[in-house]
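Hello,

Please find the structure below, handed over for your use. My notes on it follow.

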Amino acid sequence: MDEMTVADLIELLERLDPEAKVRAATQPNWPFEYRIGQVAETDGTCWIAMGDQVGYLPDDAQEALGWD
């Protein structure tokens, strides 16, 4: 997938538990997890800001993302 669209993201999220927490994962070599911050749209692009840093990304999440 070259560019993910809002429709693509919605389709992926609809497969998940609606009560699950949402986190952003960054930096595969030094993986951290963040809460989701604000969401905005400008010029046809959806921006999802990272909120507070929660801590290091758990091993099972790294494995699920293929970062292990």
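Strands, hairpins and surface patches

In the hairpin of β2 and β3, two residues sit between the strands, and Asp43 takes a positive phi near 45°. Please keep in mind that this is a predicted model.

The two strands of that hairpin are β2, residues 32-42, and β3, residues 45-56. β2 and β3 pair in the antiparallel sense, over eight bridges. Within this pairing, Tyr34 stands opposite Gln53 in β3.

β2 also pairs with β1, which covers residues 23-26. This pairing is antiparallel as well and runs over four bridges. Thr26 stands opposite Phe32 in β2, and the bridge partner of Arg23 in β2 is Arg35. β1 and β2 form a hairpin too, with five residues between them. In its turn, Gln27 has a positive phi of about 55°.

Which side chains of β1 are buried, and which are not? Ala24 and Thr26 point to one face and are buried, while Arg23 and Ala25 point to the other face and are not buried. This can be set beside a general pattern: in a regular strand the side chains alternate between the two faces of the sheet.

Two surface patches came up, one nonpolar and one negative.

The nonpolar patch is made by Val22, Ile36, Val39 and Ile48, and its area is about 340 Å². Ile36, one of its members, lies in strand β2. Is Ile36 exposed, partly exposed or buried, and what is the relative accessible area behind that label? Ile36 counts as partly exposed because its relative accessible area is 32%, and the partly exposed class lies between under 20% for buried and over 50% for exposed.

The negative patch is formed by Asp59, Asp60, Glu63 and Asp68. Among them, Glu63 lies in helix α2, which spans residues 59-64. Glu63 has a relative accessibility of 55% and therefore counts as exposed, the cut-off for that class being over 50%.

To go through this on the model, you could start at Asp43 in the turn between β2 and β3, go on to Gln27 in the turn between β1 and β2, and then look at the two patches, the one with Ile36 and the one with Glu63.

Regards

Methods. Residues numbered from 1 in each chain as written. Predicted model: local features only at pLDDT ≥ 70, side-chain atom pairs only at ≥ 80, totals over all residues. Heavy atoms only, no water. Patch = residues over 30% accessible without salt bridge, like charges linked within 9 Å, V, L, I, M, F, W, Y side chains within 5 Å. Areas by Shrake-Rupley, 256 points an atom, 1.4 Å probe, with all protein chains shown as cover. Salt bridge = Lys/Arg side-chain N within 4 Å of Asp/Glu carboxyl O. Lys, Arg positive; Asp, Glu negative; His and termini not counted. Charge placed at Lys NZ, Arg CZ, Asp CG, Glu CD. Buried < 20%, exposed > 50% of the residue type's maximum accessible area, 1.4 Å probe, protein only. Pairing = 2+ DSSP bridges.
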